[in-house]
Amino acid sequence: PTPTALTAPSNCWNWRILQESCGGHRKYRMNRIVARAVAVLSCRGIVSGEMEIRCMKSGLMERAEQYARQGRVKDAIRLLHKAIRRGHASLEGYLRLADLYSRIADWNQAIWALRHAHDIAPHSEPIREQLVEALLNGGQYEEAIAECQSWLHDSPDHPIPLENLLEAYVGKRDYARALAIANQLVRLQPFSPRYRMRRARLLQRLGRSAEAAEDYRWLVFDSGINSLEVLIFARTELERLDREQLDLLLYLILDDSEFRVRFLQNPVEAVRERGFRFSPVGEAILEELPETVRTTLPNKRRYAPYC
C-alpha cells in the first residue's frame, strides 16, 4: 500500500496508545512506523490483538530502558508502571522495577516488585535472594527472618539463606542467635575464611575473646588465604586480643597466688588451663614473662627464729 494507506482511521482507538508506547522522538521514528502499521492492520483485522499488545509492551519497555540508561530512573519507573496498569505485567518488568527502585533506595517498592516477581516464579532462587536482601536493606528484619526460615525449611543447609539469616539477627542485635548460625556455616564449610571471620567478630561482640582469638589465629597461620586485606585485619585483631588478654592475665597473676605459682612454672599451659588463647607471638611473650614477674614482685621478708 501507499504511505497514505497506512494512515490510521479515525475509529482506530488504539492508535494513540501505540504511538505513545513507541515514543514521539525522532530516534523512535521506525517504532512509530511499525506502530502505525500494526494499528492499521489490526483495525482491518489483518493482525491479531496479541501482536498489537506485544508491540505496545516492547515499546514501553524500550523507552523505559532508554530512560534508565540516561539516568532518568523515575521516568523509567513511571513507564513500567504504565505497562503494568495496561495489563502487560511480566517477570522481566517486575525485576526491572525492583532494580530501579533499588537504585534510589526505595526498598518498600523494591520489595513490592520482588514479591510480585516471586509470585510469578516461586522456585527461582535468585529472585528469592534479591527479595531477602531488599528486606535486609529496608530494615525489615522480622520478614527477612521469616523468608529465610521458609527457604531453609525446603533446603536446611543452603548457605545463602543461612548467611542472610545471620545478617538479619545481627541487624536485630541478637548476637547469640547470629553466632548459632555462624557455627552452622563453619560446620558446613570449615575451611571458609569468610565464615571464620564472621564468627570471630561475633565472638568478640559477645566478649568471648579467647574463642575469637582461636579463629583469628587460624586465619593468620593455618588458612593459607591470599587475601592481604583479610590477613591484615585478622592479624591486627589477634594482636589486640593478645593485649586484652594480657591485661586480664596480669591481674590474675597478682590476685591468685595458686595460679601465680603455676604460671611461674609453665606459663603457656597455665594460661590455657584458665581458658586464655594467645597467638604464637603472644605465647612467646608469655615464655619471657615469668622472669619479669619474679623481678617485679617484692620478695617476702623471712625472719629467722629468735634464739
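A residue counts as partly exposed when its relative accessible area lies between the buried limit of under 20% and the exposed limit of over 50%. Keep that in mind for the first stop, and remember that this is a predicted model.

**Stop 1: two loops with a positive phi**

Select Ala 105, in the loop between α5 and α6. Its relative accessible area is 46%, so Ala 105 falls in the partly exposed class. Look at the backbone here: phi is positive, about 60°, even though Ala 105 is not a glycine.

Now jump to Arg 173, which sits in the loop between α9 and α10 (175–188). Arg 173 is another non-glycine residue with a positive phi, this one about 65°. Is Arg 173 buried or exposed? With a relative accessible area of 63%, Arg 173 is exposed.

**Stop 2: helix α7**

Select residues 125–137 to light up α7. Try a distance between the end C-alpha atoms: they are 18 Å apart, which agrees with the 18 Å expected for 13 residues at 1.5 Å a residue.

Step back to Ser 124, which caps the N-terminal end of α7. A side-chain oxygen of Ser 124 lies 3.4 Å from the backbone nitrogen of Ile 127. Just past the other end of the helix, Gly 139 has a positive phi of about 75°.

Next, show the side chains of the buried residues of α7: Ile 127, Arg 128, Leu 131, Val 132, Ala 134, Leu 135 and Leu 136. What do they pack against? Colour α5, α6 (107–120), α8 (141–154) and α9 (159–171), and you have the partners of those buried residues.

**Stop 3: the cavity**

Go to α4 (73–85) and α5 (91–103), each of which supplies at least two residues to the lining of the largest cavity. About 50 Å³ of space lies in there. To see the walls, select Met 61, Leu 80, Ala 83, Ile 84, His 88, Ala 89, Ser 90, Gly 93, Tyr 94 and Leu 97. By class, seven of these lining residues are nonpolar, three are polar and none is charged.

**Stop 4: the largest pocket**

Last up is the largest pocket, with a volume of about 180 Å³. Centre your view on Glu 239, Asp 242, Ser 279, Val 281 and Gly 282, which are the closest to the pocket's centre among its 14 lining residues. Then show α12 (209–221), α13 (228–255) and α16 (280–296), the elements that give two or more residues to this lining. Which element gives the most? That's α13, with six residues. The pocket lining has eight nonpolar, two polar and four charged residues.

Notes: Residues are numbered from 1 along each chain as its sequence is written. This is a predicted model: local features need pLDDT of at least 70, side-chain atom pairs count only at pLDDT 80 or more; totals for chains, interfaces and linings use all residues. Side-chain values use heavy atoms; hydrogens and water are left out. On a 1 Å grid over the protein atoms alone, a cavity is a set of points where a 1.4 Å probe fits but cannot get out, and a pocket is an open set with protein on both sides within 12 Å along at least five of seven lines; lining residues have an atom within 4 Å of a point. Grid points are joined across faces, edges and corners, and a volume is the space filled by probe spheres set on the points. Helices (H or I, at least four residues) and strands (E, at least two) are DSSP runs, numbered from the N terminus. Ala, Val, Leu, Ile, Met, Phe, Trp, Tyr, Cys and Pro count as nonpolar, Asp, Glu, Lys and Arg as charged, and the others, Gly among them, as polar. The expected span of a helix is 1.5 Å times one less than its number of residues. Buried means under 20% relative accessible area, exposed over 50%, partly exposed in between (1.4 Å probe, protein chains only). Contact means heavy atoms within 4.5 Å. A polar contact is a pair of N or O atoms within 3.5 Å; within protein, one must be able to donate a hydrogen and the other to accept it, and residues adjacent in sequence count only if both atoms are side-chain atoms.
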